[in-house]
Amino acid sequence: MQKSIVKQDAGSWARIEQVTVKCSPQKAKIDDNLAFNVGFRLDGVVRRNFHQKFWEAAYDQHDGGLRMAFKAELRKSGVRLLAKPLREEKFVRRAVFFWTRNPEIPHRVWMTVATEFETILYPKTEEEAREMMFNVTRSFELPASSLGKGNHSLGASVSAKWGKHVFTERGEASGKSPSLKIQIE
Amino acid sequence: MTGVKSINTGPARRIHYSEWYMMALLEIELPAELQSPQKQIGQFIRRTQSICPECNRILPSTVFEREGKVFMTKTCPEHGETEELYFGSYDMYQKFATYWSDGKGTHAPNVPIESCACPANCGLCSNHLSHTGLANIIVTNRCDLTCWYCFFYVKKGLEGAYVYEPSLDQVKEMVRALKAERPVPGNSLQITGGEPTLRPELPEIVKIIKDEGVDHIQLNTNGINLALNPNLAHILRDNGLSNLYMSFDGVSPKTNPKNHWEAPYTIESCRKANLGVVLVPTVIKSINDHELGGILRFAQRNIDIVRAISYQPVSLTGRMKKQEREKYRITIPDCIERIEEQTNGEIPRDAWFPVPSCSPVTHFVEAFTKRPQYELSIHFACGAGTYVFEDKDTKKMVPITSFVDLKGLFEYLDEKTDELNSGTNKYLVAAKFITKLNSFIEKDKQPAGLNLSKLLVGALLKHDYSSVGQFHVRSMFLGMMHFQDKYNQDEERLQRCDIHYLTPDMRIIPFCSFNVIPEWYRDRIQKKYGISVEEWEKKNGEKLESRLYRGQLRRGKHADGCGCSAVHIEPITGT
C-alpha cells in the first residue's frame with residue numbers, strides 16, 4: 001500500500017489509501033479480454049469533514065455540494081515517465097446538498113451522490129455518504145493483445161482533485177497500487 | 001386560464017357497496033406486514049412529504065420504482081392509501097436527478113416563518129428555495145370559452161363565483177412586490193386569466209408592467225381575440241409585450257376544439273406585429289397525446305414566428321378514481337417518448353434535459369461575476385427542455401444535442417466554477433474556457449448561420465445577450481412543465497417551485513400551492529378581492545356570458561395552414 005500527502009499549500013491534507021488493482025483472468029490467452037478493477041479510498045480531512053453539520057453549514061452559504069474529480073490510470077510498472085498509460089479514465093462524483101423532506105432523516109439538509117450525470121444515490125447515513133463519495137471502484141477492459149505475449153507487471157495510478165468549500169480547502173491527492181503480475185500466452 | 005389545465009370531475013363519487021366489500025376483504029386478506037406501504041412497493045427510491053388528496057393532511061410518502069416507472073404512495077390514517085404515477089421512466093428519473101441543485105431562495109420573503117410549513121403559509125416564505133422564475137398575474141378570471149377540463153374561469157351560477165379583476169393600481173403594486181425580491185428581482189412576468197384579452201385595459205396593464213422594469217412579459221391567451229382583432233397584437237407589442245403564450249392542444253378540431261380554426265389567424269396577426277408565439281398544449285393521455293409530433297410539425301411550419309412549444313402534462317384536480325386517473329395521467333417521460341415516436345426519432349429522448357441542468361451555467365457566471373444571477377432551480381421532476389433547429393437543406397429538426405456535447409460542457413463548467421471559487425484568476429479561467437469551448441461543439445453538424453461558441457462566450461463572459469437572438473433563428477425551444485395535483489404532490493417539488501402568482505395582498509405564491517389547494521389560496525384570494533357575478537354584471541351593464549366566443553371564425557372552411565395539415569404529416573424531406 002502506498003500513500004501520498006496532498007500539497008500543503010492546499011491548507012488541508014488528504015491521502016489516497018488502499019489502492020488496489022485486480023485482473024481477471026491473471027493468466028490469459030492473447031485473444032482474451034482482460035477485466036481490471038481499480039479500487040481506492042480517499043482519506044483525511046476532506047473525508048472527516050464530510051458530515052451533516054458541515055453539509056448544512058455549506059448549504060446555508062449557498063455552497064451546494066462537493067465535486068470530486070478522479071483520474072485512474074493503468075500503467076506498465078517500471079520507470080516510464082513519458083510512457084502513455086494503457087488506459088486512462090477521468091470521472092466525477094458530485095455530492096449535492098439539499099433540503100430534505102424525508103421525515104425519517106432528522107436533519108434539514110441531507111445529500112445525494114450523483115455520478116457523471118447518469119445515476120443518483122441516496123445515502124441513509126453519514127458513513128454511507130462518505131463511502132459513496134470517497135470509496136471508489138472503477139472497471140476497465142483491455143484486450144490481452146494490447147499487452148502482447150509474455151509476463152507483464154501492471155499497476156494503477158489514481159488521483160483526486162477537489163475545490164474549495166466551507167468544509168475544505170481545495171486539494172488533490174494521488175496514490176499508486178502495488179504491481180500486479182499478468183501472464184499472457 | 002389557458003395553458004394550465006386540469007381535469008376536474010367534481011365532488012367525490014359514492015363508492016358502491018361492492019367496492020367497500022372488496023376493500024374490506026382486501027384488508028382482511030392482507031397479512032399485517034404487507035399493509036405498510038413500504039412493504040408493498042417495488043424498489044425504494046426516496047422518502048418525501050405529500051398531502052392527502054381528500055383532506056390536505058401532510059403525509060410522509062414514498063417514491064419508488066416498479067416496472068421501469070416511478071410511483072408515489074402515501075397513506076392517510078383517515079382516507080387510506082393513494083398510489084400515483086410520479087414519473088413515467090425510472091431511467092430518465094435517474095438521469096434527471098443528477099442535475100439536482102437547490103437555488104438561492106429569496107431573501108425578501110413576505111411570509112417570514114421559522115419552521116417550514118409547506119404547503120401552508122405560502123407567500124413566499126423564508127424557506128422557499130427558488131426565486132421567481134416566472135410570475136403570473138391574473139388580470140381577470142372571466143373567459144370567452146368554457147373548456148371542460150379547465151379549472152380557472154368564473155362559472156355563472158356556481159356558489160361562490162366571483163369575478164376577480166385587480167385594479168391598475170393593484171397590478172402596479174404586485175409588480176413592485178416582484179421587483180423587490182432579493183437577491184434576484186423578478187424580471188419575467190406572464191399576464192394570465194381567465195382570458196386576459198377580455199380585459200379592455202390590457203394594453204395599459206402591459207405598459208404598467210414594462211414601466212416597472214420587467215423585461216419579459218408574455219400573454220397567456222387562447223388567441224381568439226387576436227385573431228378577430230389583428231391590431232391588438234400591434235398595440236400589445238408596442239406597449240412592451242414580448243410574446244404570446246397561446247393554448248394549442250392539438251392539430252385537429254377534435255383534439256383542439258378551443259382554437260383550431262382561430263390559431264392560424266392569431267399566428268398571422270402576430271407575424272404581422274413581429275410578436276413571438278409559444279404554443280402551449282395541455283397533454284392528456286388518451287385525448288391528445290397522439291398529436292404531440294403533429295403539434296411540433298405545425299410549429300415548424302410557422303417557425304419564423306413560433307419561438308417555442310411548452311407541453312404541459314395535465315394535472316388532475318378534483319376527486320378522481322384511480323382508473324380515471326390512469327386513463328388521463330401522463331408524465332414528462334411519457335410525453336418525451338411520444339414525441340420521439342411521432343417525429344420518427346428526430347427528437348430523441350436523449351435530447352431532453354431537466355430544467356435545473358442550466359445550473360452549471362448559472363453557477364459559472366456567478367463565480368465569474370461574483371454576483372447572484374437568475375437561476376432556474378426548480379425540482380428536476382418539474383420540467384424539461386431542449387432546443388431544436390431546422391436544417392436548411394433537409395428541413396428536419398435537429399436537436400442541440402446532435403452537435404453539442406451538453407453533458408461534457410456542463411461538467412467542464414462545473415470544473416471551472418470550482419476553480420473560480422477556489423481562487424484561480426478569472427481571466428486565466430476565461431482563457432481556458434474559450435480555448436476549450438470548441439471541443440464541445442461539432443461545427444460541421446452545427447446548423448448554418450449559427451455560431452454557438454461565439455454566442456456562449458458573449459453571453460457567459462461578456463454578458464452580451466444581444467447575440468442570443470441569433471440562437472432563435474430557425475430554432476425553437478421545446479419545453480415541458482408538469483404542474484402538480486393532490487395525487488402526485490411532492491413537498492420537495494413545491495419548495496423549489498419558481499413559477500409564482502402575484503396577489504393583491506402582496507404575496508408571491510408558488511403555482512402548485514395556488515392551484516393545487518385552491519381552497520387555501522386561489523379561491524380565497526379571488527373571493528376576497530373579487531366581486532360577485534351579479535355585482536359585476538350590474539357594474540358593467542352586461543351579462544357575463546355576453547363575452548363568450550360564438551365561433552365567428554368557424555363558420556366557413558378551415559384556414560390556410562390550420563393544424564389539420566399537420567395531422568398526417570410525414571417528415572418533410574427536401575424542397
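**Exercise 1. In this predicted model, determine how many bridges join β3(B) to strand β4 of chain B, and place this pair within its sheet.**

Solution. Begin with the pair itself: β3(B) and strand β4 (residues 69-76) of chain B run antiparallel and are joined by six bridges. A residue pair fixes the register, since T62(B) stands opposite T73(B) in β4(B). The hairpin of these two strands has two residues between them, and within this hairpin E67(B) takes a positive phi near 50°.

Next, move to the other neighbour of β3(B). Strand β3 (residues 58-66) of chain B pairs with β2(B) in the antiparallel sense, here over eight bridges, and in β3(B) the residue E65(B) is the one that Q43(B) stands opposite. The hairpin of β2(B) and β3(B) has six residues between the strands, with N56(B) taking a positive phi near 65°.

Finally, assemble the pairs. They belong to an open sheet of four strands in the order β2-β3-β4-β5 (chain B), with antiparallel pairing. Its edge strands, each pairing on one side only, are β2 and β5 (80-87) of chain B, and from one strand to the next the twist averages 25°.

**Exercise 2. Find which elements of chain B touch chain A, and describe the side of chain B by residue class.**

Solution. First take the extent of the interface: 22 residues of chain A are in contact with 27 residues of chain B. Then sort the chain B side by element, where two or more residues come from each of β2 (43-51), α3, α13 (406-421) and α17 of chain B. Among these, α13(B) gives the most, with seven residues. The classification by residue type then yields 13 charged, nine polar and five nonpolar residues on this side of chain B.

For the partner, chain A contains three helices and eleven strands, which from the N terminus on follow the order β-β-β-α-α-β-β-β-β-α-β-β-β-β. Of its 185 residues, 36% count as buried. Among the contacts in chain A with a separation of 6 or more, residues 24 or more positions apart account for 68%.

**Exercise 3. Work out how domain 1 of chain B meets domain 2 of chain B, and which element gives the most to the domain 1 side.**

Solution. Start from the division of chain B into domain 1 (1-331 + 482-560) and domain 2 (349-479). Across the boundary, 24 residues of domain 2 of chain B are in contact with 30 residues of domain 1 of chain B. On the domain 1 side, the elements that give two or more residues are α3 (90-97), α9 (292-301), β13 (306-313) and α17 (491-494) of chain B, and β13(B) gives the most, with five residues. By class, this side of domain 1 divides into seven charged, eight polar and 15 nonpolar residues.

**Exercise 4. Identify the residues that touch the most other members of the largest nonpolar core, and follow one of them, C335(B), to its contacts.**

Solution. The largest nonpolar core has 165 residues, and the members touching the most others are F97(A), I137(B), L279(B), I295(B), I309(B) and C335(B). The same core draws at least three residues from each of domain 1 (1-331 + 482-560) and domain 2 (349-479) of chain B.

For C335(B), set aside the neighbours within four places in sequence; what remains is contact with V283(B), L292(B), Y311(B), P313(B), I330(B) and M480(B). A second, separate core has six residues, including F364(B), A367(B), L413(B) and L420(B).

**Exercise 5. Decide whether helix α8 of chain B is mostly covered or mostly open, and state what its buried residues pack against.**

Solution. Count first: eight of the eleven residues of helix α8 (residues 263-273) of chain B are buried, so that, with burial requiring 20 or more other C-beta atoms within 10 Å, the helix is mostly covered. The buried residues are A263(B), P264(B), Y265(B), T266(B), I267(B), S269(B), C270(B) and A273(B).

Then look outward from the helix: these buried residues of α8(B) pack against α6 (224-228), α7 (230-239), β10 (243-247) and β11 (276-280) of chain B. Just after α8(B), N274(B) takes a positive phi of about 55°.

Notes. Residues are numbered from 1 along each chain as its sequence is written. Chains are lettered from A and ligands numbered from 1 in the order in which they are written. This is a predicted model: local features need pLDDT of at least 70, side-chain atom pairs count only at pLDDT 80 or more; totals for chains, interfaces and linings use all residues. A nonpolar core is a set of buried Ala, Val, Leu, Ile, Met, Phe, Trp, Tyr and Cys residues joined through C-beta atoms within 7 Å. A residue is buried if 20 or more other C-beta atoms lie within 10 Å of its own, exposed if 12 or fewer, and partly exposed in between; C-beta atoms are placed from the backbone. Domain bounds come from an automatic or database domain assignment. Two residues are in contact if their C-beta atoms, placed from the backbone, lie within 7 Å. Ala, Val, Leu, Ile, Met, Phe, Trp, Tyr, Cys and Pro count as nonpolar, Asp, Glu, Lys and Arg as charged, and the others, Gly among them, as polar. Two strands pair if DSSP finds at least two bridges between them. Axes are lines fitted to C-alpha atoms, for helices over the stretch in contact, and angles run from 0 to 180 degrees between N-to-C directions.
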